[in-house]
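Me: I would like to learn how to read the features of a structure that is new to me. Could you take me through them in turn?

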Amino acid sequence: MDVWSVVVVVSILSTAVILPCLSDPSDEACLTHLSKSLEDPNKSLQNWKEPNFVNPCNGSTSNLQGATCNNGRIYRLSLTNLSLRGTISPFLSNCTNLQALDLSSNLLTGPIPPDLQSLVNLAVLNLSSNHLQGEIPPQLALCAYLNIIDLHDNSLTGPIPQQLGLLVRLSAFDVSNNHLSGPIPSSLANRSGNLPRFNASSFDGNKDLYGYPLPPFKSKGLSVLAIVGIGLGSGFASLVLSFTGVCIWLKVTEQKMVLEEGKISQFMPDY
């Protein structure tokens with residue numbers, strides 16, 4: 001190797017060392033939009049600033065609180081119990097290497113973005129103990145690696161999507177204490193083979209939700225037995241009132257007869 005070749009090799013190696021390892025542009029967009037959608041009243045995320053989103057990872061470590069990296073990509077976000085307000089940014093879908101998303105125990109509102117379907121590597125989704133509204137997006141079924149879906153203690157409405165029963169890796173599922181309605185999909189409650197089944201605690205606290213493992217559907221109208229019972233009760237009450245009225249009439253009549261007999265006896269001669 002001649003002198004010029006050595007110089008070229010050294011120059012290339014020096015450049016490789018000096019140039020920073022920039023994060024994936026998708027991760028940068030993901031973090032930028034997420035930070036804009038959140039309010040942080042306790043200043044818990046002070047290092048969540050745009051200059052830090054350009055290069056949030058250094059190998060497996062991150063300079064952002066709650067973020068964990070793997071091979072220079074964000075693969076876990078855990079921002080729990082920080083009193084965060086705001087909404088969940090749909091741009092979270094840009095963090096395509098994300099495997100765990102935990103935003104539990106905050107004060108988040110708004111819907112669960114259907115855009116999360118793009119997180120094809122997502123294994124853990126924990127959005128519990130917030131104030132989220134709207135329906136559970138059926139598109140979550142496209143996150144085929146989901147092991148855990150925890151949405152308890154929110155204000156979610158509508159039915160539980162049947163498509164979630166297609167998640168064969170799902171081992172923990174909790175939607176308790178929401179405002180969900182309709183039947184529980186049998187694909188979740190009565191799973192076949194070796195797939196985990198979820199008991200009543202996964203569905204409790206949704207007054208309009210029904211079906212195994214919760215009680216069956218109850219009509220809001222009166223049952224036949226209730227109607228018959230009301231009819232019998234009202235008939236019995238009418239009978240009692242009628243009988244009481246007859247008794248009173250007989251008593252009054254008897255008293256009148258006694259008075260009349262007394263008046264007649266005064267005019268009768270003594271023998």
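Reply: The following dialogue treats disulfides, aromatic rings, strands and a pocket.

Me: What kind of model is this, and how are residues numbered?

Reply: This is a predicted model, in which local features need pLDDT of at least 70, side-chain atom pairs count only at pLDDT 80 or more, and totals for chains, interfaces and linings use all residues. Residues are numbered from 1 along each chain as its sequence is written, and side-chain values use heavy atoms, with hydrogens and water left out.

Me: How is a disulfide recognised, and how many does the whole structure hold?

Reply: A disulfide is a pair of cysteine sulfur atoms within 2.5 Å. A search of the whole structure finds two. One joins C30 to C95, with an S to S distance of 2.1 Å. This pair links distant parts of the chain, 65 residues apart: C30 belongs to helix 2 (residues 25-37), and C95 to the loop between strand 6 (85-86) and strand 7 (100-102). Helices (H or I, at least four residues) and strands (E, at least two) are DSSP runs numbered from the N terminus. The link of C30 and C95 is left-handed, with -105° about the S-S bond.

Me: Which cysteines form the other disulfide, and which strands hold them?

Reply: C57 is joined to C69, with an S to S distance of 2.0 Å. C57 lies in strand 2 (residues 57-58) and C69 in strand 4 (residues 67-70), so the pair ties together parts that are twelve residues apart in sequence. The link of C57 and C69 is left-handed, with -75° about the S-S bond. Numbered in sequence order, the bonded cysteines of the chain pair as 1-4, 2-3.

Me: Is C30 buried or exposed, and why?

Reply: Buried means under 20% relative accessible area, exposed over 50%, and partly exposed in between (1.4 Å probe, protein chains only). C30 counts as buried because its relative accessible area is 0%. C95 is buried as well, at 0% relative accessibility. C57 and C69 are also buried.

Me: How is a pair of aromatic rings described?

Reply: Such a pair is described by the distance of the centres and the angle of the planes. Rings of Phe, Tyr and Trp (its six-membered ring) pair if their centres lie within 6.5 Å; planes under 30 degrees apart count as stacked, over 60 as edge-to-face and the rest as tilted. The structure holds four aromatic pairs. The rings of W48 and F53 have centres 5.9 Å apart and planes at 75°, so this pair is edge-to-face. Both W48 and F53 are buried. One aromatic cluster is formed by F173, F198 and F203.

Me: When do two strands count as paired?

Reply: Two strands pair if DSSP finds at least two bridges between them. Strand 4 and strand 5 (residues 73-78) run antiparallel and are joined by four bridges, with A67 opposite L77 in strand 5. These two strands form a hairpin with two residues between them, and N71 in the turn has a positive phi of about 55°. Strand 5 also pairs with strand 7 in the parallel sense over three bridges, and the partner of R76 in strand 7 is A100.

Me: What is the strand order in the open sheet of four strands?

Reply: The order is 9-11-13-14, with parallel pairing. Strand 9 (133-134) and strand 14 (208-210) are the edge strands, each pairing on one side only.
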